[in-house]
Amino acid sequence: MTEYKMFEGCTIGNRIPFIETSTRKVFEKLGIETSEAPFTCCPDPTGFKSFDDEGWLAIGANNLCLAERENKDIISLCNGCTNTLRGVQYQLEHDSIKKEHINKELAKIGKEYKGTINVRHFVDVLRKDIGLEKIKSILTKSLDGLKVACHPGCHYMRPHEWMETDDDPMRPKILKELVAVTGATVVDYEEEALCCGSAVSNAYEEVGLQNLKRKMDSIKKAGADIIVVNCPACFQQFDTQQRNLKKEFGEDYDIPVLYLTELYALAMGENPDDLGMRYHRTRLRDIAPLGV
Amino acid sequence: MVMDFEFRKQVMDYHQGSEVIKYCYQCSRCTDNCPVSFVTDELYQFGYNPRRNILNALLGYKENIFSADPIAIWGCTVCDTCDEVCPQNIELTEIFTLLKNQSIEKGEGPEFIFQQAQAIYESGKAIPSQPALERRRESMGLPEIMAPNVDEFQSLMNNMEINKKLKVGD
């Protein structure tokens with residue numbers, strides 16, 4: 001089996017590492033092997049890229065060089081990191097002047113970007129390389145009766161030229177398929193393709209909250225028990241901001257958020273305590289099919 | 001209104017293919033599908049409007065963009081929805097990145113953007129490692145995160161003069 005370089009990213013690595021715990025448990029069961037590399041920040045496609053686009057290219061390329069050195073593909077646990085690393089590759093591949101310029105900078109620190117490795121979002125690896133049958137085979141408990149709203153998030157699928165998922169960038173379905181194998185019921189909701197608003201929240205909190213309200217109203221209307229995501233930034237937005245929605249609008253949502261591998265780990269019979277469920281801000285309680 | 005031809009050229013030359021901006025016929029699919037425009041119309045007098053930004057960029061009306069409330073630039077949440085729905089395949093978000101970069105060069109832009117850039121410059125990570133988090137990782141059976149080569153990383157950034165854009169000591 002291929003060994004990937006693990007790109008857990010700053011948010012998972014240094015803020016919400018419990019997501020990495022469930023991911024590693026699931027990867028181990030599925031035979032997805034990973035190893036570490038001294039990566040820096042990807043850097044953030046919604047933050048640092050806005051600060052200095054050329055620097056974004058150079059830092060991204062510098063990270064890609066680290067994986068190229070070992071001739072291993074990267075597996076990313078974050079939409080933002082995947083978006084940056086794939087976006088950098090796309091731009092350098094399609095613009096020889098940019099590539100030459102960035103390589104001139106990299107040469108000063110003894111590196112060269114070649115474009116020899118691939119960057120994979122873990123959702124893409126699960127769907128294409130592992131497959132639904134194999135995933136089903138590691139799950140020991142059916143989540144029958146659980147109603148799930150799926151939120152794949154913007155940078156998993158857009159812009160489509162960079163991301164090259166098999167998904168429709170405005171009508172995604174792969175996360176739904178990956179959730180449905182657990183026996184849970186995926187509920188459709190109107191605002192599925194709507195951004196979580198994480199980026200704008202950093203600059204304009206009230207705008208971010210208004211946007212999140214629109215999203216959460218739609219999820220609530222669909223009768224979802226939980227939200228499943230595949231990005232740590234979206235996770236944080238949903239998990240930590242629900243209480244602010246209550247403060248701001250008096251609206252009680254209280255819909256817990258699970259990262260896809262957390263859902264799988266629970267369906268593998270893992271103990272919620274070992275998965276760090278206590279670190280979730282929107283607590284999981286009385287959700288019978290999950291056993292928590 | 002003054003047309004800034006230099007600015008117009010920067011927009012057209014941003015990427016190979018950026019000149020397709022001239023095919024914009026102001027259909028407003030970008031703004032109609034923009035989640036931020038949807039909510040700022042109610043909250044702000046001028047709000048965030050990608051269609052208007054593209055029009056001003058195309059015509060070289062630099063002042064219109066940079067003298068407006070900063071939300072005209074920084075309201076963008078980088079969801080890339082406008083890129084997908086544009087019938088002329090204009091890479092709107094890339095043009096908005098150029099606008100944001102120019103805003104930063106003027107020393108403007110949200111505090112968060114500067115703080116994140118500072119953290120990345122100092123530690124190589126947007127969210128630096130902390131002893132408490134390292135202990136939590138260990139208690140959860142997670143491997144240590146390999147430390148990046150910060151010296152080398154800072155050389156790369158210094159060579160590109162990115163350090164000069166930081167608001168050190170502010």
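# A tour of chains A and B

Start in chain A by selecting Ala149(A), which stands opposite Ile227(A) in β7(A). Keep in mind along the way that this is a predicted model.

**Stop 1: the sheet around Ala149(A)**

Widen the selection to residues 147–151 of chain A, strand β5, and residues 226–229 of chain A, strand β7. The two run in the parallel sense and pair over four bridges. Now bring in the neighbouring strands: the open sheet has four of them, in the order β6-β5-β7-β8 of chain A, with parallel pairing. Colour β6 (185–186) and β8 of chain A separately, since these are the edge strands, each pairing on one side only. As background for the view, strands of a sheet pair through backbone hydrogen bonds, either parallel or antiparallel.

Next, show residues 260–267 of chain A. This is helix α15, which lies across β7 and β8 of chain A. Turn the view until β8(A) is upright, and α15(A) should cross at about 90° to that strand.

**Stop 2: backbone details in chain A**

Stay with chain A and select Asp254(A), in the loop between α14 (232–249) and β8 (257–259). What is the sign of phi here? Phi of Asp254(A) is positive, near 55°, in a residue other than glycine. Is Asp254(A) buried or exposed? Asp254(A) has 12 other C-beta atoms within 10 Å and therefore counts as exposed, the limit for that class being 12 or fewer.

Two cis peptide bonds are next. Pick Cys42(A) and Pro43(A): the bond from the former to the latter is cis, with omega near 0°. Pro43(A) sits in the loop between β2 (33–35) and α3 (48–51) of chain A. Then go to Arg158(A) and Pro159(A), where the peptide bond is also cis, with omega near -10°. Pro159(A) belongs to the loop that connects α9 (154–157) and α10 (160–163) of chain A.

**Stop 3: the two domains of chain A**

Colour residues 3–121 of chain A as domain 1 and residues 132–290 as domain 2. Their C-alpha centres are 24 Å apart. How many residues of each domain are in contact? Domain 1 of chain A gives 24 residues and domain 2 of chain A gives 26.

To see the domain 1 side of this contact, select α1 (9–14), α2 (18–30) and α5 (79–94) of chain A, the elements that give two or more residues to that side. The largest share, nine residues, comes from α2(A). Colouring that side by class will give nine nonpolar, twelve polar and three charged residues.

**Stop 4: across to chain B**

Show both chains. The contact between them takes 54 residues from chain A and 54 residues from chain B. On the chain B side, the elements giving two or more residues are α3 (35–43), α6 (71–74), α7 (81–85), α8 (92–105), α9 (111–123), α10 (131–139) and α11 (150–159). Which of the chain B elements gives the largest share? That is α11(B), with six residues. By class, the chain B side divides into 30 nonpolar, 15 polar and nine charged residues.

Chain B itself is divided into domain 1 (5–105) and domain 2 (111–165), whose C-alpha centres lie 31 Å apart.

**Stop 5: Cys82(B) and helix α8(B)**

Zoom in on Cys82(B), in helix α7 of chain B. Cys82(B) counts as buried because 27 C-beta neighbours lie inside 10 Å. Leaving out residues up to four places away in sequence, Cys82(B) touches Cys30(B), Asn33(B), Cys34(B), Pro50(B), Leu92(B) and Thr93(B). For a distance to display, try the C-alpha atoms of Cys82(B) and Pro50(B), which are 32 residues apart along the chain and separated by 8.1 Å.

Leu92(B) and Thr93(B) lead on to α8(B), as both are among its buried residues. Ten of the 14 residues of α8(B) are buried, so this helix is largely enclosed by the rest of the structure. The buried set also includes Phe96(B), Leu99(B) and Lys100(B). From first C-alpha to last, α8(B) reaches 20 Å, close to the 20 Å expected at 1.5 Å a residue. Just after α8(B), select Gly107(B), which takes a positive phi of about 80°.

**Last stop: after α11(B)**

Finish at Glu161(B), in the segment after α11 of chain B. Glu161(B) has a positive phi of about 60° although it is not a glycine. With 11 other C-beta atoms within 10 Å, Glu161(B) is exposed.

Key. Residues are numbered from 1 along each chain as its sequence is written. Chains are lettered from A and ligands numbered from 1 in the order in which they are written. This is a predicted model: local features need pLDDT of at least 70, side-chain atom pairs count only at pLDDT 80 or more; totals for chains, interfaces and linings use all residues. Two residues are in contact if their C-beta atoms, placed from the backbone, lie within 7 Å. Ala, Val, Leu, Ile, Met, Phe, Trp, Tyr, Cys and Pro count as nonpolar, Asp, Glu, Lys and Arg as charged, and the others, Gly among them, as polar. Domain bounds come from an automatic or database domain assignment. A residue is buried if 20 or more other C-beta atoms lie within 10 Å of its own, exposed if 12 or fewer, and partly exposed in between; C-beta atoms are placed from the backbone. The expected span of a helix is 1.5 Å times one less than its number of residues. Two strands pair if DSSP finds at least two bridges between them. Axes are lines fitted to C-alpha atoms, for helices over the stretch in contact, and angles run from 0 to 180 degrees between N-to-C directions.
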